[in-house]
Amino acid sequence: MTGDVQDVTTTPDAMLSPERDPYGLQAKAERRSSGVFGGRREGDRVIRRLIELGIALSAERNTDRLLEMILLEAKQIYNADGGTLYLTTDDETGLAFKIMRNDTLQVALGGTTGKEIPFPPVPLFRDDGTRNTNNVATNVWHQRQAVNILDAYEAKDYDFSGTKKFDESTGYRSQSFLTVPMINTNEEVIGVLQLINARDATGKTVSFDRKLQPLIEALTSQAAVALENSMLINEQRRLWDSLIEMLASSIDDKSPYTGGHCQRVPVITKMLVDAACKSTEGIFADFSLTQDEWYELHVAAWLHDCGKVTTPEYVVDKASKLETIYNRIGEIRTRFEVLRRDAEIDCLKAQLAGKDKAEAEAEFDATCKRLAEEFKFVADANVGGEFMDDDALLRLNEIAAQTWTRHFDKTLGLSPAEESMQKHKMPSTPGVEPLLGDLPEHQVGKYNRGELYNLSIRRGTLTAEERETINDHIVVTIKMLEQLPFPKNMRRIPEYAGGHHEKMDGTGYPRGLVKAEMSVPARVMAIADIFEALTAGDRPYKKAKTISESLRIMSFMVKDQHIDADLFDLFLRSGVWKRYADQFLEPYQIDEVNIDDFLPAPEFLAEAVD
C-alpha cells in the first residue's frame, strides 16, 4: 500500500469503514480546491486553516488522536487516497508504523481504531551498519528532505517491489507518493509522513502538486512540535506515575507486614468511585469525574499513606507490646530464669544449713510453679490478644513488684549516643531492680519503653505515644502533599489523600472534619482504607478477617457515623466488595454474605434507596 511495506497482505480484520472525519475537518476541506494558492481568498483560507490546525494540535493531549489528526488533515489537503505515519523508534534504528489509512481498500489501522498494525518497524540501517536509503521513508529520514514521486512504477531510485506485490494481491494501483520528514525543535527527525495517490476533483489519481508541498511541510513542522510536546507530557506523566508507585511500593516494602496496602487501596477506591459515576439514581445520579479528575483521584489514592515514609518501622511493625527493634520478652524470660536459679540456690543453701530436704524442695517446687504461671501470664499479656481488665492489670503490677539483683554495670557496651543520653541515669552496681521495670533508660525521646508501661496496654500493642506516631502519618502526608506545586487540576490531592482517617461525626483525625466538609473521593478512600485493612492477611497484630466479619464491623461503623452510609450502601449493592475479594483475598476469607444483613437503615442514608 505504501513504498515502505514489504510483502503486505490485507485481512478482513483490517477492513473498517472509511473514516468519517472524527475531528470535523472534512467540511472545511471540501471548500478547498486543488488550486489552494490560486486566489487571495483561498490563500487566506489556507492560512486560517493552518492557524486553526495549530491550535487543535497544541490542544490535543492524546497521542493516538494527535497522530490521527495529522494524517487525516494531510490526506484532506491533497485529497489523498491513503497515507501512513511512522514514528522513530526509541533506539533510532527503525520507523515504527503508527497510523495507516486507505479509503479505496477501506483499511484503517492504528490510532483510535484499536487495531494494531501487524508490520515490524522499517529498518533505518542495514545489517552492516550503513544507511538504508532504498526505502522512500528511510531515505527521507536520513536526508531530512521531502520526496515527491510521480509514479512508483517508473521510479528508479527506490525499491517498490513490496508495493508492487501488494498491488498484485489486492488489485490496487499505487502511483503517486509524497513522503515528508517530521522534524522537532531539537532538529531531530521524530517521524515520517507518507501520502499515497493524490486525487483530483473527479477522483482520478494524480501527482502530488508541488505548489501544495510547502503546505504539507508546514503541517508536518507544526505536527512535529505538537507531537514532541505531547510525547514530552506523556513521558513526564509516566515518570511521575513511576515515582508515585515507587514511593508507594517503598512504603509497602518498608514493612514486611503491610506490603501491598498502598497498592490495594487505589483498586478499591477506583472501583467504588466508578460505581458512583455509573449510578443513575439516588444521591450519586449526578456524580461524575472528568479525565483530569480521574487522574487526580489516581494520584491521591496512591499517595494516601506517603507520610508513613517517616514512621519508624518498629512502630508500624509492633506485633507485641514489648517489641521495639526486637521483642524484649526474652529479657524478661531471662530474669524469670534468674529468679528460678536464685530459688534453687536458696533451696540448696537451706539444706546445707540443716533445713529438712523435703520441706526445702517443696518450697522450691512451689516457687517454680508460681514463676512459670507468672511468666505465662506476662507472655500472654505481651501478645496483646485479650483486653486487659482491672484485675489483670492488678496482677501484672503484683508480678512486676518482685525484684532481682543486678551485678553487672549497665553503663558498659553503650553506643556514644546511648551513653550520652543514659549514663547519668544508671544506678550503681550491684543494684536491685523490679522484675518488670519502668526505668529511666526506658524514656527515649517522646517514647516510654517501660516494660510495665507497655505490658499494661489495655487493647492492642501500641502505647498512646506510638498510636500518636501512627496517626501522625496522615499529618505528614498532608504536609508533604501540600508542599508539592500541583497544577490547578490536581490541587485537591491533599484533601483526597488526607481525609481517609476522618469520620462522618467529626471525631476522626487530623482535622476533625464532618461529612459535609469532605468530598466524595475522600469519603470513598476512608471506606477503601478500612476494608483493605480488615481483610489484609499480612498484619502482625491480627488475623485476616472474612468478608462477612469485615462487612459487619463496617456496618457498626456506619451506625457510629464513622464512615459514609450512602457510600457503604453503594459499596454493598454494586458488588465492589465481591469483585475485590475475588481478585485479592484468600478463598477461606470469601464466605457466604447476604448484603441485606449489612445494608444501612434508611435513617442513616441521605436519600432512601428503593
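Helices here are DSSP runs of H or I with at least four residues, strands are runs of E with at least two, and both are numbered from the N terminus. The model is predicted, so local features need pLDDT of at least 70 and side-chain atom pairs count only at pLDDT 80 or more, while totals for chains, interfaces and linings use all residues. Residues are numbered from 1 along each chain as its sequence is written, and side-chain values use heavy atoms, with hydrogens and water left out.

**Exercise 1. A pair inside one helix**

Find Glu 331 and Arg 335, and work out which helix holds them and how many residues apart they are.

Solution. Start with the helix: both residues sit in α10, which covers residues 329-352. Next, count along it: they are 4 residues apart, about one turn of the helix. Here's the background: an α-helix has 3.6 residues a turn, so residues three or four places apart point the same way. Now look at the side chains. They meet in a salt bridge at 3.8 Å, N to O. (A salt bridge is a side-chain nitrogen of Lys or Arg within 4 Å of a carboxyl oxygen of Asp or Glu.) Last, check the cover, with buried meaning under 20% relative accessible area, exposed over 50%, and partly exposed in between, using a 1.4 Å probe and protein chains only. Glu 331 is partly exposed because its relative accessibility is 32%, whereas Arg 335, at 12%, is buried.

**Exercise 2. Bridges between separate parts**

Which residue does Asp 390 pair with in a salt bridge? And which parts does that pair tie together?

Solution. The partner is Arg 458, and the closest N and O atoms are 2.7 Å apart. Asp 390 belongs to helix α12 (residues 390-400) and Arg 458 to the loop between α14 (451-455) and α15 (464-482), so the bridge ties together parts 68 residues apart in sequence. As for cover, Asp 390 is exposed at 53% relative accessibility, and Arg 458 is partly exposed at 35%.

Now try Glu 441 and Lys 410: how is the salt bridge between their side chains placed?

Solution. Those side chains meet at 2.5 Å, N to O. Glu 441 is in the loop between β10 (431-434) and β11 (443-444), and Lys 410 is in the loop between β9 (403-406) and α13 (416-422), so this pair links parts 31 residues apart in sequence. Glu 441 counts as buried because its relative accessibility is 15%. Some bridges share partners too: Lys 75, Asp 81, Asp 103 and Arg 199 are joined that way into one network. By the same rule, the count of salt bridges comes to 29.

**Exercise 3. Backbone oddities**

Is the peptide bond from Tyr 509 to Pro 510 cis or trans? Then look up phi for Asn 79 and Gln 561.

Solution. Keep the usual pattern in mind: most residues other than glycine have a negative phi, and most peptide bonds are trans. The bond from Tyr 509 to Pro 510 is cis, with omega near 10°. Pro 510 sits in the loop between α16 (493-498) and α17 (520-535).

Asn 79 has a positive phi, near 50°. You'll find Asn 79 in the loop between α3 (63-78) and β1 (80-88), partly exposed with a relative accessible area of 32%. Gln 561 also has a positive phi, near 60°. Its loop runs between α18 (547-559) and α19 (565-573), and Gln 561 is partly exposed at 44%.

**Exercise 4. Checking a helix**

What span does α17 reach, and what is expected? How many of its residues are buried?

Solution. The expected span of a helix is 1.5 Å times one less than its number of residues. With 16 residues, α17 reaches 23 Å from its first C-alpha to its last, close to the expected 22 Å. Then the cover: 15 of the 16 residues in α17 are buried, making this helix mostly covered.

**Exercise 5. Far in sequence**

Locate Glu 68, then see how far apart Glu 68 and Gly 110 are in sequence and in space.

Solution. Glu 68 lies in helix α3 and is buried, at 3% relative accessibility. Glu 68 and Gly 110 are 42 residues apart in sequence and 8.5 Å apart in space, C-alpha to C-alpha.
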